[in-house]
Structures are given as C-alpha cells and as structure tokens.
Amino acid sequence: MRCYANQLAGQLKQGLQPFYIILGEEPFQEGNCALSVRQAAKKQGFDEVIKFAILPGFDWQELAAQYNSMSLFSAKTLIELDLNQQKPPTQGTAILKEIASNINPDVILIVKGNKASQDIQRTAWFKGLEKNGVFVPCYPLTGYHLEKWLDEECKRLKVNLKHDAKRSLLAATEGNLLAASQELEKLSLLYKDKLIDQQQLMSGLLNQAKFDIFDLNEGLLKGNPGYIIKILNKLATDNVEPTSVAWTLQNQANTLLTIKRAMVNGQPISQLFKQNNVWKNQQQVTQQALDRITIAQLEKIITLLAQYDSAFKRNVLVAPYQGLAHIALSFCQSLPFVMPYEGANEEHSSGVYKS
C-alpha cells in the first residue's frame, strides 16, 4: 500500500500495519513519518524500540534475531532500520524477504532510507514488505506542494501569515522544511494568531543564524575552505542544530551527484538545472562545483553523511561540528583522516541501540 507523507496520519488512525517503508530525499518528512508511526505504535503497547543503522560490518542476523525473538522487556516491539542511503546487500535482501514472509504480530518494522528507485521497488524484499505494509515516499516539495505544506503547517501551529510573507519565507528557506518549520514555531510564540506581514517576518529572519546555513552553500560550491570554516564557526557559536547543517550538506551533495550522473548520460545542463531546482543566481557557482568535484568524491561525501547521521543519533561523535567541518571541507578536497568518533572502531559498529 502506498501512502504519501501528508496522508500517513489518517492511515495510522485506521490501524497499524506490520511494516512501514519510509524512503525519500526529504529528511524532515522522513523523520516526522517515523515519529508518527512510533507514537501510534506506543499507544498500542509497542513500548520497546530497537534501532539499527546500516554501517560497514553490520550484522543482518542480529536484525533477524531481534525480529523473531520474544522481548524480555515488552510484549510488543518496534524495530527501526535505517539503511543510511544504502541498498541492502544480498544477505540483507534475503533476511528482509524472509521477514516479509513470516510476520511477527508483536513486532512493527520501520525501514528508512534514500528514495525508492524503480530498481528498489521491483525487488522481492520491497514488494514483500509493501504487500503487508505501507510505503511512504518522501519527495522534496516544490511549487504547489510546497505551498500546500506551508499552509498546513501554518494551520497546525496557528500562524497567520500574509501571502507576501509566505512567499518570502519559502524563498528564504529554499525548500528546507526543517528551517521553515522552525521559523513557524518561533512565529507562533511571538505573534500567537495575529496577522504577520512581510516586514515582521523579515525582521525576524534577518536576525537568525540559520541564514548562515544558506551562505554555507556558496562556500561548498566554490570550494572555499576559509569561508566554510568561518560560517561553521558562526553557526556553532549561535548553537544552530547540527542536523540543520547536515541537511544542507546532504542536499547539496545529492543535487550535485544527480546532475553529474545525468551529465555522463548526455543530458543538457540547462535542463538539469531546471529539474533539480538550481536557481539562476546559483547556476554559475554550481557549474564551478560540477567542474571541480568528481562523482567518486560526491559518493564519498554521501557515505560520510550517512556515517555522521548514525553516529550523531548514537551520541558517539566527540564533537559534532568537527564532523560537519570534515564533511564540508570534503567538497574542497579529499581528507586523509577520519571523523572524530569515540573509539577507533565506532564507524564499523552495527549501530544498534535501545530506547
């Protein structure tokens, strides 16, 4: 069964399913969807939550054992499997297919990861999970869909924005739902349900450190290490959430990699800029980045981001902003040292923890 992110709340009210496949390129929606499933499951007695993150050396047999075992702490368990932008290997696909064929009524499985390409949707493990579960694709929102999302968030938070203020907020946040949502939460506290015009909105936005996040894009695209470190220092000093910075790095890396791969297949750059929502004032610096950064470098950056995300969630990063600096500087050149994890072998752990 397919269910879009904005439909999931209604679907959950109809009853829980054994499997939820939440895949896409929009991390804010992905995170909210997974949270909605966890909250609905908790109300139904799924009190134990076990999380796995796919890293090098991950033990797929441990996932199978947890799914098939009786819990010592709770009658019902929710397992959350984060694919970390990767495709399951042969062993993993076999285990997921087996899980799909032998449903444990006391366990709910959430599978999170990158967008579900047609190749993934044709696999036996995906079809098996979707047959008895829910597939939630999380697409980046643009145009009408982005405006509709903003209207729904304004209604949820009881924020009353004038039309020009809405347009300014969308232009400023450039599709970053997390940044837009944080702004709306702030506005709900400042203005309650009073009507907010463009001037009031912009006076608040211009004082926010998160706009340095968007300035960071310029440093990434130009490969300017000094500027990158300057912006990251400002963000760290202003206590901007590392997840917001990581989103920017992820979005930029995914955009560049998508365009690079399509260029190899001969697609015209003007068409690719339009398809990937590269604004005209960013096209020149984006072209500079495409000329400088190789596909292999971009794939490495995305791997680093997956490792960072898992380590951040498991609280094993010695200094989150040092890790972000490592990844950001990788847009300039490959670095010969690893990110600051606790313990030499952390990046090879299975990434399982309980909450």
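**Note on the predicted model**

1. Tyr67 counts as buried, at 0% relative accessibility. Here buried means under 20% relative accessible area, exposed over 50% and partly exposed in between, with a 1.4 Å probe and protein chains only. Tyr67 sits in helix α3, residues 60-68. Helices (H or I, at least four residues) and strands (E, at least two) are DSSP runs, numbered from the N terminus. The C-alpha atom of Tyr67 is separated by 7.7 Å from that of Ile99, with the two positions 32 residues apart along the chain.

2. A word on the basis. This is a predicted model, in which local features need pLDDT of at least 70 and side-chain atom pairs count only at pLDDT 80 or more, while totals for chains, interfaces and linings use all residues. Residues are numbered from 1 along each chain as its sequence is written, and side-chain values use heavy atoms, with hydrogens and water left out.

3. Ile99 leads to helix α4, where Ile99 is one of the buried residues. The others are Gly92, Ile95, Leu96 and Ala100. Seen down the axis of α4, the buried residues fall within an arc of 140 degrees, so they line one face of the helix. The arc is taken from the directions that run from the helix axis to the C-beta atoms. The face turned away from the buried side carries Thr90 and Ser101, both exposed.

4. What is the span of α4, from its first C-alpha to its last? The helix covers residues 90-101, twelve in number, and reaches 17 Å. That is close to the 16 Å expected at 1.5 Å a residue. The expected span is 1.5 Å times one less than the number of residues.

5. Strand β3 holds Leu78 and Asp82. Leu78 counts as buried at 1% relative accessibility. Asp82 is buried too, with a relative accessible area of 8%. The side chain of Asp82 makes a polar contact of 3.0 Å with the side chain of Lys313. A polar contact is a pair of N or O atoms within 3.5 Å; within protein, one must be able to donate a hydrogen and the other to accept it, and residues adjacent in sequence count only if both atoms are side-chain atoms. Leu78 and Leu335 are 257 residues apart along the chain, and their C-alpha atoms are separated by 38 Å.

6. Lys313 also belongs to the second largest pocket. Together with Pro27, Glu30, Thr243 and Asp309, Lys313 lies nearest the pocket centre, among 37 lining residues. The space in this pocket is about 950 Å³. On a 1 Å grid over the protein atoms alone, a pocket is an open set of points where a 1.4 Å probe fits, with protein on both sides within 12 Å along at least five of seven lines; lining residues have an atom within 4 Å of a point. Grid points are joined across faces, edges and corners, and the volume is the space filled by probe spheres set on the points.

7. Which element gives the most to that lining? Helix α2 does, with eight residues. At least two residues each come from α2 (27-43), β2 (48-53), β3 (77-82), β4 (107-113), α13 (242-264) and α16 (295-313). The lining divides into 15 nonpolar, twelve polar and ten charged residues. Ala, Val, Leu, Ile, Met, Phe, Trp, Tyr, Cys and Pro count as nonpolar, Asp, Glu, Lys and Arg as charged, and the others, Gly among them, as polar.

8. Pro242 is found in α13. Pro242 is buried, with a relative accessible area of 11%. The C-alpha atoms of Pro242 and Tyr321 are separated by 6.8 Å, at 79 residues apart along the chain.

9. Glu183 lies in helix α9, residues 177-191. Glu183 is buried, at 1% relative accessible area. The side chains of Glu183 and Lys186 are joined by a polar contact of 3.0 Å.

10. Two backbone angles deserve a check. Most residues other than glycine have a negative phi. Lys158 has a positive phi of about 60 degrees although it is not a glycine. Lys158 lies in the loop between α7 (143-157) and β6 (160-161) and is exposed, with a relative accessible area of 64%. Lys192 also has a positive phi, near 55 degrees. Lys192 is in the loop between α9 and β7 (195-196) and counts as exposed at 55% relative accessibility.
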